[in-house]
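Me: I have a structure open and want to go through a few spots. Can you take short questions as they come?

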Amino acid sequence: MARLRALRAALGYRRARLSSLLGRVRGSIARRGVLGTLTRIARELRAPPPPRRAQVYAAPDGRFAPFAVPRAAAPRVSIVIPVYNKIAYTVACLRSLAEHAGDTPFETIVVDDGSSDDTPEKLAQIQGIQAIRNARNLGFIGSCNAGAAAARGEYVLFLNNDTVVTAGWLEALLRCFAEEPQAGLVGARLVYPDGRLQEAGGIVFDDASGWNYGRFDDPDDPRYAFRREADYCSGAAIMLPRALFERLGRFDARYAPAYYEDTDLAFAVRAAGYRVFYEPASTVVHFEGITSGTDTATGIKRYQVVNQATFHDKWRGALAQQPAPGTPIGRAASHRARGRVLIVDATTPAPDQDSGSLRMVNLMRVLRDLGYQVSFLPDNRAWVPRYTAALQALGVEALYHPYVADPVAWFRARGAEFDAIVLSRHYVASSYVGLARLHAPRARLIFDTVDLHYLREQRAADLEQRDDLARHAAATRTQELRLMRECDVTLVVSPAERALLAVDAPGVRVEILSNVHEVFGCRRPWGERRDLVFVGGFEHPPNADAVLWFVGEVLPRIRARLPDVRLHVVGSKVTPAVEALAGEAVVVHGYVPDLEPMMDGCRVSVAPLRYGAGVKGKVNMAMSYGLPVVATPIAVEGMHVKAGDEVLVAADADAFADEVVRLYGDEALWTRLSENGLLNVREHFSFEAARRAVQRVLS
């Protein structure tokens with residue numbers, strides 16, 4: 001019976017996916033025409049594969065010529081390298097530091113622990129390093145502590161001499177500290193010379209045994225390619241604030257000469273109220289075992305066994321919270337998470353290009369801030385340059401082809417991990433609801449409408465008086481309402497949509513999770529601004545319709561009274577019809593990577609939407625910068641605004657033009673709308689408001 005249910009779910013997924021694709025194509029042809037639809041399909045299919053970063057590194061050949069390592073007079077990072085013999089590896093390590101120095105000021109402290117080879121002579125010929133030779137053999141821990149005592153940087157970084165660093169490695173570690181306020185220790189991704197993964201952070205079980213997560217796997221596997229909290233990171237490449245290292249008493253000497261000192265340090269960092277992160281954007285090649293070997297029965301390596309007992313005695317209380325040996329490794333790797341949430345959406349979000357993407361990324365931020373581990377599966381399974389990596393840097397497990405070749409198999413393998421699954425947009429959710437119910441039976445199933453598509457489509461049909469669009473809207477309504485009944489919770493973005501569903505879908509649990517915005521504030525006064533601005537991605541048909549109507553019907557009325565005013569049109573994927581509007585009165589910028597100059601420099605934002613649904617990100621965005629908005633009633637639907645207090649609202653061309661001209665010339669009105677708009681965003685569309693909504697949904 002179980003196999004039969006799995007087969008039924010797999011067939012259901014493929015049938016629903018095919019039906020959804022056909023429906024989307026029909027709807028797109030109705031809105032964009034055949035050529036526009038083919039263009040959009042081509043855009044979605046041309047995403048490149050993920051980059052292959054694996055590289056084979058040969059062992060050092062022992063050849064030597066003098067060289068220099070950069071040395072900063074005021075270092076931000078002090079790199080401490082303990083060495084004992086193996087000068088060829090030490091030289092290779094130092095050469096890699098010189099080759100990949102980057103922009104970060106650093107110093108390099110090499111601590112020679114009584115080497116008997118030609119280490120002292122070779123180090124003396126390398127400029128820019130500070131070489132310290134121990135008077136007696138102190139072991140790995142003693143050498144690290146001696147090097148840290150000589151450090152001057154804000155951060156101290158411990159680096160094994162049998163490593164080779166790669167481009168951007170140091171900057172990535174610092175970036176983690178900058179982006180994670182609670183970070184106390186950050187470790188690099190370690191790879192073997194043959195390109196296989198050595199460690200993506202470490203796991204500690206309740207018996208004090210450890211596990212190198214991802215050992216021997218593909219380093220580009222999505223499971224290991226995102227920033228993640230770890231139990232510990234190998235001391236082969238770890239960094240922490242020097243003041244914190246000193247406050248913790250440096251490496252604990254009870255683990256001398258070596259082993260478990262890095263794990264102990266990670267636990268001490270957490271006990272002090274900080275967190276330990278694995279940072280995959282920092283890659284370090286590790287020739288493991290070159291100095292100490294790999295046999296735990298002899299030599300220094302035997303202390304790995306001895307110190308496990310020492311560590312267990314010291315951290316007995318903390319270890320009681322660790323997973324037991326035998327815990328599925330994926331769950332063990334994320335055991336610190338409050339829960340595990342999977343999000344499925346059509347494509348990887350591009351938050352600088354459309355409002356829906358910004359909402360989705362900020363939802364992931366909120367989930368992560370609340371302690372959830374987030375996995376994101378785009379329906380097209382494409383790795384998207386810049387945007388996929390941005391999710392990974394955010395701490396999201398971004399899934400993509402070829403590592404997720406078949407969603408059915410992937411759900412079968414991993415569905416049971418998740419506590420909640422968010423299915424976004426009806427044409428995506430319809431394919432996955434059966435898989436989620438079968439393979440993730442304990443997960444709360446959440447249908448995120450993004451906006452009510454059937455409402456938007458019906459309004460477009462009414463505006464254009466087209467029966468074909470009305471039929472498509474009716475089909476969408478049937479599908480959306482069915483999904484609401486099949487899922488545990490439905491998310492909408494406005495009270496207006498929740499009120500509509502109280503009539504259309506009685507008995508369905510509906511929660512509001514609206515747009516989420518940072519509040520930037522008003523940074524330039526009325527007198528230093530000029531012109532009008534419209535912001536919106538043009539893959540969304542209501543935006544193209546809005547600009548065409550505004551330029552054709554409203555702007556001439558405005559320029560009759562304000563002849564120097566121009567409209568700046570900003571947004572990705574500009575259509576030919578919108579591009580053709582460019583001229584003296586209209587500047588079509590298309591996509592711009594940074595909206596701040598427009599938000600800070602223009603005097604009025606316009607939102608002349610004639611149809612649509614949901615909450616309009618363009619209005620939220622402008623208000624978050626203190627930029628007043630003139631909008632149609634549709635554009636401010638469900639936004640908790642009062643016309644004349646936070647925005648100006650007008651329905652027809654004459655009234656819209658009047659309100660723009662009035663706002664443009666009235667500094668007192670402009671200032672009042674600016675201040676009240678900021679208050680509105682803080683109360684209803686801020687991260688704090690979103691946190692309350694997410695906690696309500698997942699409680």
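Me: Which residues make the nonpolar surface patch?
Reply: L4, L7 and L11 make it, and the patch is about 280 Å². Keep in mind that this is a predicted model.

Me: Where is L7, and is L7 buried or exposed?
Reply: L7 is in helix α1, residues 2–45. L7 is partly exposed, at a relative accessible area of 49%.

Me: Other topic. How many salt bridges does the structure hold?
Reply: There are 47 salt bridges. One of them pairs the side chains of R696 and E511, at 2.9 Å from N to O. R696 is in helix α24 (residues 687–698) and E511 is in strand β21 (residues 510–512), so this pair ties together parts 185 residues apart in sequence.

Me: Buried or exposed, for those two?
Reply: R696 is partly exposed, with a relative accessible area of 36%. E511 is buried, with a value of 10%, because buried means under 20%.

Me: What does D658 pair with?
Reply: D658 forms a salt bridge with R561, and the closest N and O atoms are 2.8 Å apart. D658 is in helix α22 and R561 is in the loop between α18 (541–559) and β23 (567–570), so the link spans 97 residues. D658 is partly exposed at 38% relative accessible area, and R561 is partly exposed at 44%.

Me: Which salt bridge has both residues in α22?
Reply: E659 and R662, with their side chains meeting at 3.0 Å, N to O. The two are three residues apart in the helix, about one turn. E659 counts as buried at 16% relative accessibility, while R662 is partly exposed at 40%.

Me: And what angle do α22 and α23 pack at?
Reply: About 95 degrees, with the axes 5 Å apart; α22 covers residues 653–665 and α23 covers residues 667–684. The two helices are therefore roughly perpendicular to each other.

Me: Which residues meet there?
Reply: From α22, R662, L663 and G665; from α23, E667, L669, W670 and L673.

Me: Which residues are linked in a network of salt bridges?
Reply: E179, E180, R227, E279 and R368.

Me: Last one, V533. Where is V533, and is V533 buried or exposed?
Reply: V533 is in strand β22, residues 532–535. V533 is buried, with a relative accessible area of 0%.

Me: What is V533 in contact with?
Reply: Apart from neighbours within four places in sequence, its contacts include L567, V570, M598, C602 and L627. The C-alpha atoms of V533 and R603 are separated by 8.1 Å, with their positions 70 residues apart along the chain.

How values were computed:
Residues are numbered from 1 along each chain as its sequence is written. This is a predicted model: local features need pLDDT of at least 70, side-chain atom pairs count only at pLDDT 80 or more; totals for chains, interfaces and linings use all residues. Side-chain values use heavy atoms; hydrogens and water are left out. Patches are made of residues with over 30% relative accessible area and no salt bridge: like charges are joined within 9 Å, nonpolar side chains (Val, Leu, Ile, Met, Phe, Trp, Tyr) within 5 Å. Accessible areas come from the Shrake-Rupley method with a 1.4 Å probe; for residues, only the protein chains shown count as cover. A salt bridge is a side-chain nitrogen of Lys or Arg within 4 Å of a carboxyl oxygen of Asp or Glu. Helices (H or I, at least four residues) and strands (E, at least two) are DSSP runs, numbered from the N terminus. Buried means under 20% relative accessible area, exposed over 50%, partly exposed in between (1.4 Å probe, protein chains only). Contact means heavy atoms within 4.5 Å. Axes are lines fitted to C-alpha atoms, for helices over the stretch in contact, and angles run from 0 to 180 degrees between N-to-C directions. Angles under 35 degrees count as roughly parallel, over 145 as roughly antiparallel, 65 to 115 as roughly perpendicular and the rest as oblique.
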